Amino acid sequence: MKIAILGAGALGCYYGARLAEAGHDVTFILRSAYEPVRANGLHVESVYGDIHLPAPRIARTPEDCGPVDLVIVSWKTTCNSLLPTALPPLLTPATRVVTFQNGMGNAEDIARVLPAERVFIGLCFVCAMMDTPGRISHLEGGTIRFAPLLPTEAGLLQAQSLAELFRNTPVETFSARHAEQILWTKLSWNIPFNGLCLAHGGISIRSLFLMPGQAERARDIMHEVCRAAECRGFPLPPEIIAQQMEQTSRMGDFIPSSAVDYLRGRPVEYDSIWGTPLARAREVGAAIPAWEQLCADIRARLTPTA
């Protein structure tokens with residue numbers, strides 16, 4: 001399988017390295033990390049075993065890469081306006097595109113460039129960071145859930161084939177028929193915890209849990225996200241809230257991605273993680289006061305003061 005990683009940051013480099021290690025022909029499309037990776041290779045320190053690719057296939061632009069069988073979009077959703085120019089050089093009439101991005105609306109953005117039946121979602125549950133260009137720290141997780149944008153039998157079969165790509169890697173994969181179902185699963189964590197760590201100025205999970213009332217606030221928001229998913233016809237497992245709270249309490253000094261972006265002065269993925277899901281919740285009349293207050297707090301944090 002010839003694969004391009006479009007937007008090869010920490011997440012894209014981790015999964016791309018796993019695919020390359022398994023024998024696939026992977027090209028990493030890099031920007032700031034291009035020269036470090038060209039000079040020193042790609043290094044991954046992982047809880048599931050380290051990887052060093054001494055001379056990975058890299059490119060600066062999609063044009064330098066050329067057409068592939070599969071494109072994995074892993075850049076920040078704030079770059080999605082570039083999809084109409086970035087994707088075409090990578091496409092053949094059979095190329096599939098899967099988004100590993102956060103939030104909702106990304107697959108729909110991709111489907112404006114190629115037919116929707118060739119667009120898929122890969123929902124990643126992973127803690128990975130790239131503090132030094134070309135050096136990835138994989139702290140925990142890695143599971144991917146694949147689903148087609150169009151919930152057809154053919155789409156499900158293709159999602160299963162995408163899951164099979166990781167068969168000879170430590171990455172655990174699953175497939176599902178409905179993309180929105182699996183998106184709400186991750187949003188039930190991302191909306192409260194990514195959101196609260198951002199709203200409080202870019203703090204860690206540990207700091208959030210030490211703040212009086214904030215763990216309870218996260219639980220309330222998570223209940224509302226689950227309520228919205230149920231109102232839209234995609235109920236989440238009843239045990240998910242207790243599981244997420246317990247798992248998150250052990251994340252320690254991990255800082256969620258949007259909080260990191262805020263601290264580094266980079267654009268924050270507000271629309272995909274909070275704005276679009278909030279709009280979908282409002283469409284079905286879900287009662288979400290704690291979630292709406294969180295969104296107001298985030299917007300206040302992101303709005304420059306005069």
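Trainee: What makes strand β3 (residues 42–46) and strand β9 (residues 135–148) a pair, and in which sense do they run?

Mentor: In this predicted model, β3 and β9 share 4 bridges and run parallel. Pairing requires at least two bridges, so the 4 bridges found here qualify them as a pair. One position to look at is His43, which stands opposite Arg135 in β9.

Trainee: How many bridges join strand β8 (residues 119–132) to β9, and in which sense do they run?

Mentor: There are 11 bridges between β8 and β9, and these strands run antiparallel. Against the requirement of at least two, 11 bridges count as pairing, therefore β8 and β9 are a pair. Ala128 stands opposite His138 in β9. The hairpin of β8 and β9 has 2 residues between the strands, and in it Gly134 takes a positive phi near 85°.

Trainee: What makes β9 and strand β10 (residues 173–175) a pair?

Mentor: They are joined by 3 bridges and run parallel. The minimum is two bridges, so β9 and β10 pair as well. Within that pairing, Ile144 has Thr173 in β10 as its bridge partner.

Trainee: Why does Gln101 count as buried or exposed?

Mentor: Its relative accessibility is 5%. Buried means under 20%, so Gln101 is buried. Gln101 sits in the loop between β7 (96–99) and α5 (106–110).

Trainee: What makes the pairing of the side chains of Gln101 and Thr99 a polar contact?

Mentor: The distance is 2.8 Å. The limit for such N or O pairs is 3.5 Å, so this one falls within it. A polar atom of the Gln101 side chain is also 3.1 Å from the backbone oxygen of Trp75. Beyond four places in sequence, the residues touched by Gln101 include Val73, Lys76 and Asn106.

Trainee: How do you know whether Asn106 is buried or exposed?

Mentor: Asn106 has a relative accessible area of 4%. That is under 20%, so Asn106 is buried. Asn106 belongs to helix α5, and a polar atom of its side chain lies 2.7 Å from the backbone oxygen of Asn102. Among its contacts outside four places in sequence are Thr77, Gln101 and Ser272.

Trainee: Which residue's side chain makes a polar contact with the side chain of Asp261?

Mentor: It is Lys76, at 3.1 Å. The cut-off is 3.5 Å, so the Asp261 and Lys76 pair passes. Asp261 lies in helix α11 (residues 257–263). At 1% relative accessibility, set against the 20% limit, Asp261 is therefore buried. Beyond four places in sequence, Asp261 touches Lys76, Arg266, Pro267 and Val268.

Trainee: How many disulfides does the structure hold?

Mentor: It holds 0 disulfides. For Cys13, the nearest cysteine sulfur is that of Cys124, 13 Å away. A disulfide needs two sulfurs within 2.5 Å, so Cys13 is in none.

Trainee: Why is the sulfur of Cys79 too far from the closest cysteine sulfur for a bond?

Mentor: The closest one is in Cys13, and the distance is 14 Å. The bond would need 2.5 Å or less, so Cys79 does not qualify with Cys13. As for accessibility, Cys79 is at 15%, so Cys79 counts as buried. Cys13, at 1%, counts as buried too.

Methods. Residues numbered from 1 in each chain as written. Predicted model: local features only at pLDDT ≥ 70, side-chain atom pairs only at ≥ 80, totals over all residues. Heavy atoms only, no water. Buried < 20%, exposed > 50% of the residue type's maximum accessible area, 1.4 Å probe, protein only. Contact = heavy atoms within 4.5 Å. Polar contact = N/O pair within 3.5 Å; in protein donor to acceptor, adjacent residues only side chain to side chain.
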